[in-house]
Amino acid sequence: MRILIVGAGYAGMSATVQLAARLRRRTGVEVTLVNAHERFTERLRLHMTATGQRLAELRIPALLDGTGARFVRGRVAAVDADARTVRLDDGRVLRYDRLVYALGGVADTATVPGAGDHAYTLSAVEDAARLAERLAGLEAGAVVVCGSGLTGVESAAETAERHPQLTVTLVGRDEPGAAMNPKARAYLRAALARLGVRVRAAVEVVKIRPDAVELADGECLPADAVLWAGGTRIPSLATALAVDERGRVLTDPALRSVSHPEVYAVGDAAAVRQGYGVMHGTCQSGMPTGVHAAVSIVRELDGKRPEPFRFGYYHTPVSLGRHDGVVQFTRPDDSPRRFHLTGRVAARYKETVTASPWPTFGRMRRMPASAAFWPRGGRFTRAVAE
Ligand SMILES: Cc1cc2nc3c(=O)[nH]c(=O)nc-3n(C[C@H](O)[C@H](O)[C@H](O)COP(=O)(O)OP(=O)(O)OC[C@H]3O[C@@H](n4cnc5c(N)ncnc54)[C@H](O)[C@@H]3O)c2cc1C
């Protein structure tokens, strides 16, 4: 049995270390992980990379050393789900019996003219590094962050804190922190103001020019750098797989592709339906999907049926620079509870959450059943099917 995981982000790493730990003593099973880089991309910290902060060197092959899982460095060019093959951009072809599809998403620059050509993104570490270089070269000027979701909020705050000589404007349809309770939202808004971030909510960006952002009412915001954080899409690398309108792989309750059940889709790349709707991409939900896919594949090997995946959200932690933040605690459907944290405590909470996946992978590698706890429907439930 050849098990191939494509994408070593939060979801793909979770799947790989769980599979390696659970299949360590089995013969005739190969676990292979493919990723574009040997270094783990801490996507939760890409706004830090974009503002020139150095991150730890987290090496994927070193983490997998001794687990029996093989690491292949390569960029996936295409997945042929009918032929059960993955082609890399250097021409190599990998075959699989089970595929875990975990390639994540990229900034959706197709929705506004000029975004693809003139805006920076946080799609990948290289994109964030390009923005860092641009910001470092600006002695003065204006930065416009398009998209008032949490990626836009965190990026605008981080930019304003690290580059106080620049004027940072955050523009978007929604009020920043729109999904938070009124007190948490008000705190977030005041914190952005303290950092000097100008907020333009309820506006529609219609065009990105080389030196400006054009709004629907005709106003132009001059910009020396534009960050596009206006939503994500999933690149269409697997043409035969059934996907939704954003390119996410449509899954059955056990996270298998509805068109190709030998493919499990996890993390941001999957459209996972729960009682409250289709889950939106987060690390907090992505890691459990990876673990669940691994558990399900092992169940299949044992002749058992995979179980349905169930997940409830529990928090939305937001950094506002390095010393401030807001943590909104949520109901399982991601609606806000009254309870929230602010200030340094929230900043520490967010940092703990952000730093935790890598050591968690290390623990899961040795103890497959111990680290995988997540809330389902609001209760913490053991994530082990057996
Ligand atoms: C600034 C920022 C802050 C965030 N903060 C939070 C937060 O506080 N909490 C939270 O829950 N979520 C947060 N998120 C969202 C979170 O980062 C994503 O939901 C999460 O990374 C999804 O995990 P994933 O494994 O599906 O994809 P990713 O982490 O994106 O991993 C995908 C992997 O696939 C690799 N890859 C992609 N394409 C190819 C290819 N063609 N060939 C080979 N390899 C490829 C990539 O290099 C990467 O290693 C944040 C996102 C951003 C940008």
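Which side chain does a polar contact of 3.0 Å join to that of glutamate 214? The first legend answers this for the model, which is predicted.

**View 1. Glutamate 214 and its surroundings in strand β13.** Glutamate 214 sits in β13, the strand of residues 212-215. Its side chain and that of arginine 209 are joined by a polar contact of 3.0 Å. Leaving aside residues up to four places away in sequence, glutamate 214 touches Glu204, Val205, Val206, Lys207, Arg209, Glu219 and Cys220. Arginine 209 is thus named twice here, once for the polar contact and once among the residues touched.

**View 2. The ligand and the residues around it.** The ligand is surrounded by 27 residues. The closest are Ala11, Val76, Asp268, Cys283 and Lys350. Three of the pairs at ligand oxygen atoms are given below.

- Lysine 350: an N or O atom of the side chain is 2.4 Å from an oxygen atom of the ligand.
- Asparagine 35: a polar side-chain atom lies 3.0 Å from an oxygen atom of the ligand.
- Glutamine 284: here a backbone N or O atom lies 3.0 Å from an oxygen atom of the ligand.

Lysine 350 also falls within the residue range of helix α9 (residues 343-355), and View 5 shows that helix.

**View 3. The open sheet β4-β5-β6.** Three strands make up this open sheet, in the order β4-β5-β6. Their pairing is antiparallel. β4 (76-80) and β6 (93-95) are the edge strands; each has a single partner, so one side of each lacks a neighbour in the sheet. From one strand to the next, the twist averages 20 degrees. Four bridges link β4 and β5 in the antiparallel sense. Valine 76 has leucine 88 of β5 as its bridge partner. Valine 76 is also listed among the residues closest to the ligand. The hairpin of β4 and β5 has four residues between the strands, and arginine 84 there takes a positive phi near 60 degrees. On the other side of the pairing order, β5 (residues 85-88) and β6 pair over three bridges, again in the antiparallel sense. Arginine 87 stands opposite valine 93 of β6.

**View 4. The open sheet β22-β23-β24 with helix α7.** Which strands stand at the edges of this sheet? The order is β22-β23-β24, in an open sheet of three strands with antiparallel pairing. β22 (315-319) and β24 (336-342) are at the edges, each with a single partner strand, so one side of each is left without a neighbour in the sheet. The twist averages 15 degrees from one strand to the next. Five bridges join β22 to β23 (residues 325-330), in the antiparallel sense. Serine 319 stands opposite glycine 325 of β23. Helix α7 (residues 182-194) lies across β22, β23 and β24. Helix α7 runs at about 160 degrees to β23.

**View 5. Helices α9 and α10 at their contact.** The axes of α9 (residues 343-355) and α10 (residues 357-366) come within 5 Å. They cross at roughly 40 degrees, and α9 and α10 are therefore oblique to each other. From α9, the contact draws on Val353, Thr354 and Ala355. From α10, it draws on Pro357, Trp358 and Pro359. What is the make-up of the contact residues, by nonpolar, polar and charged? Five are nonpolar, one is polar and none is charged.

Conventions: Residues numbered from 1 in each chain as written. Predicted model: local features only at pLDDT ≥ 70, side-chain atom pairs only at ≥ 80, totals over all residues. Heavy atoms only, no water. Axes fitted to C-alpha atoms, helices over the stretch in contact; angles between N-to-C directions. Helix = DSSP H or I, 4+ residues; strand = E, 2+ residues; numbered from the N terminus. Parallel < 35°, antiparallel > 145°, perpendicular 65-115°, else oblique. Contact = heavy atoms within 4.5 Å. Nonpolar A, V, L, I, M, F, W, Y, C, P; charged D, E, K, R; others polar. Pairing = 2+ DSSP bridges. Near = heavy atom within 4 Å. Polar contact = N/O pair within 3.5 Å; in protein donor to acceptor, adjacent residues only side chain to side chain.
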